[in-house]
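Reader: I should like to learn how to read a structure of this kind. May we go through it feature by feature?

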Amino acid sequence: MKMTFRHYGPGDPVTLEQISQIPVVRSIVSAVYDVPAGGVWSYESINAVKSAAAAHNLAFEVVESVPVPEEIKLGAPEAAKLIDNYCENVRRLGAAGVKCICYNFMPVFDWLRSEMEHISPDGSNSLAYDEQTVLAMNPLTGELSLPGWDESYTKDQLRGLLARYESVGEEQLWKNLQTFLEAVIPVAHEAGVNMAIHPDDPPWGIFGLPRIITCEKNLDRFLSLVDMPENGLTFCTGSLGANPENDLVKMAEKYAGRIHFAHVRNILHTGERKFHEVAHPTDCGSLDIYGIVKALHKGGFDGYMRPDHGRMIWGERGRYGYGLYDRALGAMYLSGLWEAIDKENKA
Ligand code: DNO
């Protein structure tokens, strides 16, 4: 297991120096942010991320994300050209030493939350999701302001995009995903890169849009679309765990060999399709983080791990979910679990 930490580039209030001072972290997880989705990343920009990390003794082995443009998810006529661009990015990143690329296949909206500063009794705050609140918002009136969503769409563009998805149901989305994988995975194989799809967050359809990377049955189907080791998963416990029917301990062990990247965080369920994010340890939430890490170890997990969204604690302000302090505590907790489990198994 290789512990990593996400960094959003030069504009991130969390510095590379701070990350390098977390004792267990050896690589950053980052991306090139100066090219819109669908474009080819320049060698200069890729190398700039790499050398900035190297200046702090950090590797740059994981990219999150190379975004998949909507035209690919829609299976639009421009998809073939955009898939070529995507393949070129995979080649360039492989050549630069990147070993793992995280991406997702969620139509229009990336991860969704209804509240950015849910206050806990201890004064910390975190991200929360309440389906009732989300459904009461109309994405077309600008009421919706969500962390993972590209708000650069104008209302008209968004209306147009949602209309184009009206004819794309789950089965069509599966087909478009298969077309994408059949082109990209052989290139990833050549480039020495593992592709790791991120599950949908939350793992169910929303605003009438299909979502398919949601549960064990669908992960089985996903892995069989192109049955090569490079076609793998980002095992995001908070995303999959939003549905209590997902047995994460079972899934962690079952998929360990195809999990290239683990996003480990905890959430507390407070109602039907209602939860908020909590500190990483098992006792703080509804997910058995110890059981999950143990299952990954048992399954032979050998990929990258990162602490995922943290709370805002100690007065920190910054990018929602991506402050320094609570994620650093998470990195320490997770690597402590890993060390103990690993040593017990070798004893
Ligand atoms: C949330 C993240 C996601 C993730 C993308 C992967 O914090 O895990 O935004 O980066 O969905 O493409």
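Author: The dialogue below treats helices, single residues and the surroundings of the ligand. Please keep in mind that this is a predicted model.

Reader: Let us begin with helices. What span should the 17 residues of helix H4 have at 1.5 Å a residue?

Author: The expected span of a helix is 1.5 Å times one less than its number of residues. Helix H4, residues 79–95, should therefore span 24 Å, and its end C-alpha atoms are indeed 24 Å apart. After H4 comes Gly97, which has a positive phi near 100°.

Reader: Which residues of H4 are buried, and what do they pack against?

Author: A residue counts as buried under 20% relative accessible area. In H4 this group includes Leu82, Ile83, Tyr86, Cys87, Val90 and Leu93. Asn85, Asn89 and Arg92 also belong to the buried residues of H4. Their packing partners are three helices, H2 (43–54), H3 (70–74) and H7, together with strands E3 (59–64), E4 and E7 (194–198).

Reader: How does helix H12 compare with its own expected span?

Author: The same reasoning applies. H12 runs over residues 325–346, and its 22 residues reach 32 Å from first to last C-alpha, close to the 32 Å expected. Its buried residues include Ala328, Leu334, Leu337, Trp338 and Ile341, as well as Asp326, Arg327 and Asp342. They pack against strands E1 (2–6), E9 (259–264) and E12 (304–307), and against helix H11 (289–298).

Reader: Let us turn to single residues. Is Leu296 buried or exposed?

Author: Leu296, a residue of helix H11, has a relative accessible area of 0% and is therefore buried. Setting aside neighbours within four places in sequence, its contacts include Ala252, Ile259, Phe301, Met305 and Trp338. Trp338 is itself among the buried residues of H12. Residues distant in sequence can also be compared in space: Leu296 and Met1 are 295 residues apart along the chain, while their C-alpha atoms are 9.5 Å apart.

Reader: Is Lys73 buried or exposed?

Author: Lys73 lies in helix H3 and counts as buried because its relative accessibility is 4%. Its side chain reaches the backbone oxygen of Met106 at 2.8 Å. Beyond four places in sequence, Lys73 also touches Asn104, Phe105, Pro107, Tyr165 and Leu173, among others.

Reader: Is Pro186 in helix H7 buried, partly exposed or exposed?

Author: The class between buried and exposed covers values from 20% to 50%. Pro186 has a relative accessible area of 37%, so this residue is partly exposed. Not counting residues up to four places away, it touches Leu181 and Met228. The C-alpha atoms of Pro186 and Cys87 are separated by 9.4 Å, with their positions 99 residues apart in the chain.

Reader: Finally, which residues come nearest to the ligand?

Author: One first identifies the shell and then its polar contacts. Of the 14 residues around the ligand, the nearest are Glu64, Ser65, Asn104, His309 and Tyr322. The shell divides into 5 nonpolar, 5 polar and 4 charged residues. Strand E4 (residues 100–104) gives the most to this shell, with 3 residues.

Reader: Which side chains have an N or O atom at 2.6 Å, 3.1 Å and 2.4 Å from an oxygen atom of the ligand?

Author: The side chain of Ser65 does so at 2.6 Å, that of His198 at 3.1 Å, and that of His309 at 2.4 Å. Taken alone, the ligand exposes 330 Å², of which the protein buries 96%.

Conventions:
Residues are numbered from 1 along each chain as its sequence is written. This is a predicted model: local features need pLDDT of at least 70, side-chain atom pairs count only at pLDDT 80 or more; totals for chains, interfaces and linings use all residues. Side-chain values use heavy atoms; hydrogens and water are left out. Helices (H or I, at least four residues) and strands (E, at least two) are DSSP runs, numbered from the N terminus. Buried means under 20% relative accessible area, exposed over 50%, partly exposed in between (1.4 Å probe, protein chains only). Contact means heavy atoms within 4.5 Å. A residue is near a molecule or strand if one of its heavy atoms lies within 4 Å of it. A polar contact is a pair of N or O atoms within 3.5 Å; within protein, one must be able to donate a hydrogen and the other to accept it, and residues adjacent in sequence count only if both atoms are side-chain atoms. Accessible areas come from the Shrake-Rupley method with a 1.4 Å probe; for residues, only the protein chains shown count as cover. Ala, Val, Leu, Ile, Met, Phe, Trp, Tyr, Cys and Pro count as nonpolar, Asp, Glu, Lys and Arg as charged, and the others, Gly among them, as polar.
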